[in-house]
Amino acid sequence: MKALIVRGPGQLVWTEAPSPPLADARSALVRPIASASCDLDRRLIAGTTPFKPPFALGHECVAEVLEVGDAVTSVRRGDLVSVPWKIACGQCPQCQAGRGTACTSVPRLAAYGVPAGGDWGGLFSEVVHVPFADAMLVPLPTGLNPLAVASASDNLTDAWVATSRPIATRDNARVLVVGGTESLGILAVQMAAAAGAASVDYLDDNHYRQGLALRSGANIELDAVLDERYDVVISATRDPQALHRGLLALAPGGHCSCIGIIFEDPKIPLFGMYLRDVTLSVGVCNVRPHIPKVLDLVAHGHCDPLLVSPTVVSWEEAPEALVQPLAKCIMVRERIT
């Protein structure tokens, strides 16, 4: 089979690799047919993260099921499924407590597309092994466009969880989305509206993303000073100064969900946050329990993920397309089942 490998900074190539075997009765083999670039992927390709090459790229996809073990009951050959980015068994105490990202049945940080907790391959590869098929794979509803939910594996669901949780506990929530990544900020605008926000403002100096935010229903004409006016802030930025401004914008009792990955420790206005009794949440999202809800939101037209994915390419075109700036890219393959 072919795997898309990051060999070094800016070096992305298709490489022949052994097809993974069906490991045991609980596992499955899947073939990604719609693989999306995560907002993290361009930094992985550029070599600006702690994760060092070589490694197989990709942790967002919809796949067709090729083969399942004898103990698998939730999917069968030919099903279309969302494949969560994190490897998790679904049965250990951490998984049972809703913390699949801390699953104790596999090494910490075991995931597709990053060389952290072992080599699990990437979701751009032709064949991918899923060790806990029933716990991980989420079947797609009939008729749902696989391209529209290719990012349910990570970014799309992360945006839903980050917005819906704090909005659910606040009436008439005023929301500020601090943008700066390829897709998360725009998806957060859409998901905030889907979660029932009273208003959504979008803060970003990038004109392309401002246009996408406007098309998603956000207000982009903001005052110079935003301090203490928002019930919910979604920080989808890599810029520590933009995160700082978002934290200052929290109203008393507000909540900031930080979903932009910042590798260096940022400056936090902690005392001002203390005086306003606000909350900052940050952490890798356990997407698996929330994927069915996200698939339903897309199916019923409550969000439009394809707005942030204007580029759809074949597998041959992927190495060049995936290094381009601005937007997410989706790589497609024909089904074989």
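Begin by selecting helix α5, residues 184–194, which lies across β9, β10 and β11. Its direction makes an angle of about 170 degrees with β10. Please note that the model on display is a predicted one.

Next, select helix α4, residues 155–168. This helix lies across β9 (174–178), β11 and β12, and runs at about 165 degrees to β11.

Now hide the helices and display the strands. The sheet is open and has 5 strands, paired in parallel in the order β10-β9-β11-β12-β13. Its edges are formed by β10 (199–203) and β13 (279–282); each has a single partner strand, so one side of each is left without a neighbour in the sheet. On average, neighbouring strands of this sheet are turned by 15 degrees against each other, direction ignored.

Within the sheet, select β11, residues 230–235, together with β12. These two strands run parallel and are joined by 5 bridges. Ser235 may then be highlighted, with Cys258 in β12 standing opposite.

From β12 (250–258), proceed along the chain into the loop that leads to α8 (270–276), where Ile268 is located. Is Ile268 buried or exposed? Ile268 is partly exposed, because its relative accessible area of 31% falls between the limits of under 20% for buried and over 50% for exposed.

Finally, keep Ile268 selected and add Leu270 and Leu280. These three residues make a nonpolar surface patch of about 240 Å². Ile268 qualifies for such a patch on accessibility because its 31% satisfies the requirement of over 30% relative accessible area.

Notes:
Residues numbered from 1 in each chain as written. Predicted model: local features only at pLDDT ≥ 70, side-chain atom pairs only at ≥ 80, totals over all residues. Heavy atoms only, no water. Patch = residues over 30% accessible without salt bridge, like charges linked within 9 Å, V, L, I, M, F, W, Y side chains within 5 Å. Areas by Shrake-Rupley, 256 points an atom, 1.4 Å probe, with all protein chains shown as cover. Salt bridge = Lys/Arg side-chain N within 4 Å of Asp/Glu carboxyl O. Helix = DSSP H or I, 4+ residues; strand = E, 2+ residues; numbered from the N terminus. Buried < 20%, exposed > 50% of the residue type's maximum accessible area, 1.4 Å probe, protein only. Pairing = 2+ DSSP bridges. Axes fitted to C-alpha atoms, helices over the stretch in contact; angles between N-to-C directions. Contact = heavy atoms within 4.5 Å.
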